[in-house]
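Here is a short briefing on one protein chain. Keep the picture beside the text and find each residue as it comes up.

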Amino acid sequence: MSVLFLPEIQEYFDDLEIILYEKEYFGYEGVAHKYVDDLIFDIKHNLPNARNRPAPKHYEKYGKGLYYATFKKNRRTQWYAFFSKYVENGETIYLVCYIGNNHTEAQHFRF
């Protein structure tokens, strides 16, 4: 099985490092870089085993039939990875199409 990211998601991760540092969520660039690297690692290594739920209809603009999984990075922030899942040559592929966190996406979920 493999976890792949759309190019836009990889760009988002690159921008996220800068945003986290410039908005002073982290005091050092290196810490922001590590946070994003840890998030990417977590998604790549744990998405196949994470609880997959159907994505709310709001996210259909990123693809039909998407699922999402959550990744808690600290006590205040939980990330949502939205992905499609398919099998190619007997291998399951997870394609991450969108990513957001509870600070920006919570209004689209019914808890």
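Glu24 sits in the loop that links α1 (7-22) to α2 (29-46). The model is predicted. Start at this loop, then move on to the strands and to helix α2.

**Two residues with positive phi**

- Most residues other than glycine have a negative phi.
- Glu24 goes against that trend: its phi is positive, near 60°, and it is not glycine.
- Is Glu24 buried or exposed? Its relative accessibility is 70%, so Glu24 counts as exposed. The cut-off for exposed is over 50%.
- Asn89 also has a positive phi, near 50°, and is likewise a residue other than glycine.
- Look for Asn89 in the loop between β4 (78-88) and β5 (91-101).
- Asn89 has a relative accessible area of 80%, so Asn89 is exposed.

**Strands that pair**

- Strand β2 covers residues 53-54, and strand β3 covers residues 67-72.
- These two strands run antiparallel and pair over two bridges.
- Which residue of β3 is the bridge partner of Arg53? The partner is Tyr68.
- β3 also pairs with β4, again in the antiparallel sense, over six bridges.
- Phe71 has its bridge partner in β4, namely Trp79.
- How many residues form the hairpin connection from β3 to β4? Five residues join the two strands.
- In a regular strand, side chains alternate between the two faces of the sheet.

**The length of helix α2**

- α2 has 18 residues.
- At 1.5 Å a residue, α2 should span 26 Å.
- The C-alpha atoms at the two ends of α2 are 25 Å apart, which agrees with the expected span.

**The two sides of helix α2**

- Which residues of α2 are buried? They are Ala32, Tyr35, Val36, Leu39, Ile40, Asp42 and Ile43.
- These buried residues cover an arc of only 160° around the axis, so they lie on the same side of α2.
- To be buried, a residue must have under 20% relative accessible area.
- The other side of α2 carries Lys34 and Phe41, which are exposed.
- What do the buried residues of α2 pack against? Their partners are β1 (2-5), α1, β3, β4 and β5.
- Two of these partners, β3 and β4, are the strands joined by the hairpin.

How values were computed. Residues numbered from 1 in each chain as written. Heavy atoms only, no water. Helix = DSSP H or I, 4+ residues; strand = E, 2+ residues; numbered from the N terminus. Buried < 20%, exposed > 50% of the residue type's maximum accessible area, 1.4 Å probe, protein only. Pairing = 2+ DSSP bridges. Expected span 1.5 Å × (residues − 1). Arc of directions from axis to C-beta. Contact = heavy atoms within 4.5 Å.
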